[in-house]
Amino acid sequence: MRQKITALVAVCMTLTVRIWAQAPSTTPYKANDRFEQLGPQLPTPNTFRTATGAPGRDFFQNRADYDIKVELDDANQKIIGSERITYYNNSPDALKYLWLQLDQNLFEKNSTANLTTRSAVSTSGSNLTRLHNLNNAEPGAQVDPQKEYGHKITAVRDATGKPLKYTINGTMMRIDLSAPLKPGQNFVFGVDWNYNITAYYGRSGYEFFENDGNRNYFIAHWFPRLCAYDDVNGWQNKQFLGQGEFTLIFGNYKVAITVPNDHIVGSTGECLNYKQVLTPTQFQRLQKASTSKMPLKIVTQDEAIAAEKGKPTGKKTWIYKADNVRDFAFASSRKFIWDAMQTDVYGNGKKIWSMSFYPKEGNPLWEQYSTRAVEHTLKSYGNRTIQYPYPVAISCHATRYGGMEYPMISFNGGRPEPDGTYSPGTKAGMIGVIIHEVGHNFFPMIVNSDERQWTWMDEGLNSFCQYLAEKEWDYNFLSGYGEPQRIVPYMKSDPATLSPIMTSSDNIIQFGPNAYDKPAVALNILRETVMGRELFDYAFKEYARRWAFKNPTPADFFRTMEDASGVDLDWFWKGWFYGVEPVDQDLVEVDWFTLNTQNPEIEKALARSEAEAKAKTMSKIRDAATKDQTVVAKDSTMRDFYNSYDPFAVTDADKKRYQDYLASLNEEERKTLDSKNNFYTLTLKNKGGLPMPVIIRMQFEDGTDSVARFPAEIWRFNDAQINKVIATTKKVTQWTLDPFQEIADIDTDNNSFPRQAQKPTRFQLYKQQAGGRGGAQGPNPMQQQRQETQPPATQGGAPRR
Ligand SMILES: [Zn+2]
């Protein structure tokens, strides 16, 4: 314990003031640019994008309207489509050619994604399965080796039907125009295509159910669609490698989807012909749901189970219209249960449909939670960004894990066990993924960031909003994102495995922690610790408002957050978004000072007790028994004035000096003198590198405590070590850095002074069977409960559904 008491030898109060103004530094000044402005790391503001982070006066974006006819061939798992595109050139440039995206080409044998997937043949057990990836040269999707995958383009024609020259480069297709498309002009053309649908690979495809032989289809990245042309990238025609997502432009869609006539379709947009495609009963239920505050079934589980066993007798065409969307996706199956409600989410009189489509395998979770979670997401996100502008929001249940987002529709995992029980992790995962994927409507479907380049701009912002929405759903929600300590294992990992958040999507190492967790934590820290909720919420909303239906860049986000809050955050963007250093603050020591009161009654008494304490050495203690045997003790002629002088006695002269001193003080100085303050000099080290606010809790000897907060700028003159004086009226017995786990400090052992004995690591004497949260590990708590409360005969019986 290095806590020590030192009396300040202050002759006047100015010394105390000087301590505050000039914290003594024990390390030499270290120049650093952590608190300099980002400057050259951000693009120069211009007339497209201003220095405030808002769109500039020349901001433009091109548009594409689509009129599409598509057929889902269930027998052959194939998509056949034909589209008519009207492309609007709002840019100041003449365009000689157009670039379109052919995402299905990801699954071609020789796609860049397949050729650049790293792999190795291993002879050790668990890696043997990876050989499968070498054969199935595709990123994750199960494909049939007999089939060819990828977009097959069968025609590209202009409005008059004349063929247009086109060139396919991987997942990109260039269409050459006979004359450059001038600014302000539009170009109408058509594309015909088809492709074989892969098994669901996390974004799209079909899920096959062995028990009933049916497939649920989740169709996305299915039509050739325009690349973005903008002031930042020109054409954003970076290849689709599977990881970096989609950079898209807005447009109006009219889509006619032809499916087997026993299928139920969920889709981006408003259905224009429900009356034709639904049975009268289904249509009636939909009318009822349009005024219901709770989800109502449009297709019941019994009806879905009956449909599973049937066969189609023909086809049906579902017609949809979607305005101002950046993409279009749909789901189709005869297995779908469908529930819906149309509610006034924001209390503004405008009703929005919340809907869910799921097979019976999703119940009981899906019928209880999905549609309610959709509505909750619209409300939560809408309140902190912009109100949801579309007429419908859909959650479809696709496979066990994962989730994927499209405008107005998302495909989500989260599936109970076959017996209908589920672990708390499955439940939180299911509600969490629905909030996440429906939440993507705001980022990037509305705030239309460049996903191919920046994953964090949608995933990070969305995971952060998800965390807030989860807490609004249930205070005790098992959130996966947001809390600072969640990012500690990642921040502690080998720097060679870390990329800055500001890394382009396809190059990110440790993708999830980098692009989801870390930015979500960073934003939570900004909100709770650096900016405060009020300033943060205002600025975050302003960013969403400025960039709704436009395409922001990182600089637009960074600048807007500062512009709207008045908080300089360049140091924060540098540390959290451009750097990989962790946070590790070390409270090295605390020195304790008390003020010299100059009052002789107090100071001389103190000096006496100190002198007496110092005199108590071992020899003096032992010699005390013989102290009357000394020469001076025995012979009084050997004594003089000093043998009876008491240097600690208070004299009249002392008292006079004290009165003169008091008279020289002003009122404020006298107040400080009367408060008998304790002064503590803290020595702090920034061991991690990333400078952060210093938050410190003082526990006082009377059992109370108090927390002091100092902004990160405290490190601006020396980013390695600082001193800080804290004055208190009470004595501090314990100091603790970051007591509320706000800053993602990777080593909390050095956060206390005096150092706390660490909690023992608990170990078990007997190795017990793992009782997991469900799955193969053991029964989940619901199963356990059921086994305990039900007679054995009903155990492990047929599925409850
Ligand atoms: Zn996401």
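Where is P754 found? I looked it up, and P754 is in the loop between β31 (752-753) and α20 (781-789). The helices and strands I name are DSSP runs numbered from the N terminus, with at least four residues (H or I) for a helix and at least two (E) for a strand.

**Ground rules**

I am working on a predicted model, where local features need pLDDT of at least 70 and side-chain atom pairs count only at pLDDT 80 or more, while totals for chains, interfaces and linings use all residues. Residues are numbered from 1 along each chain as its sequence is written, and side-chain values use heavy atoms, with hydrogens and water left out.

**Cis peptide bonds**

Back to P754: I checked the bond leading into it from F753, and that peptide bond is cis, with omega near -10°. I also looked at F443 and P444, where the peptide bond is cis with omega near 15°. P444 sits in the loop between α8 and α9.

**The zinc site**

Which residues hold the zinc ion as protein donors? I noted H436 (NE2), H440 (NE2) and E459, the last listed with two OE entries, at 1.9 to 2.6 Å from the ion. Donors here are N, O and S atoms within 2.8 Å of the metal (3.2 Å for Na, K and Ca), and water is not among the atoms, so sites may look incomplete.

Along the chain, the donors follow the spacing H-x3-H-x18-E. H440 is in the loop between α8 (424-439) and α9 (456-473) and E459 is in helix α9, so this pair ties together parts that are 19 residues apart in sequence.

Why is the arrangement around the zinc ion irregular? I found that the four donor atoms subtend angles of 55 to 155°, which makes it irregular. The rule I used: four donors are tetrahedral if all angles lie between 85 and 135 degrees; four are square planar and six octahedral if opposite donors are over 155 degrees apart and all others between 65 and 115; anything else is irregular. For my own reference, ideal angles at a metal are 109.5 degrees for four tetrahedral donors, and 90 or 180 degrees for six octahedral ones.

Are H440 and E459 buried or exposed? H440 is buried at a relative accessible area of 0%, and E459 is buried at 2%. Buried means under 20% relative accessible area, exposed over 50%, and partly exposed in between (1.4 Å probe, protein chains only).

**Salt bridges**

How many salt bridges does a search of the whole structure find? I got 42. A salt bridge is a side-chain nitrogen of Lys or Arg within 4 Å of a carboxyl oxygen of Asp or Glu.

I picked out a few pairs:

- E148 and K152 meet at 3.8 Å, N to O; E148 is exposed at 55%, and K152 is partly exposed at 28%.
- R533 and E528 have their closest N and O atoms 2.8 Å apart; R533 is partly exposed at 45%, and so is E528 at 31%.
- R546 and E542 meet at 3.0 Å, N to O; R546 is buried at 12%, and E542 is buried at 13%.

I also checked where R546 and E542 lie: they are four residues apart in helix α12 (residues 533-547), which means about one helical turn separates them.

One more find was a network of salt bridges linking D212, E308, K335, K360 and E361.

**Positive phi**

Next I looked at backbone angles. Q77 has phi near 50°, a positive value in a residue other than glycine. Q77 is in the loop between β2 (63-73) and β3 (78-88), and is buried at 10%.

H221 is not a glycine, yet its phi is positive at about 55°. I placed H221 in the loop between β10 (214-219) and β11 (225-226), where it is buried at 1%.

**A look at S380**

What is S380 in contact with, leaving aside its neighbours within four places in sequence? I found A469 and E472, where contact means heavy atoms within 4.5 Å. S380 itself belongs to helix α7 (residues 365-384) and counts as buried at 3%.
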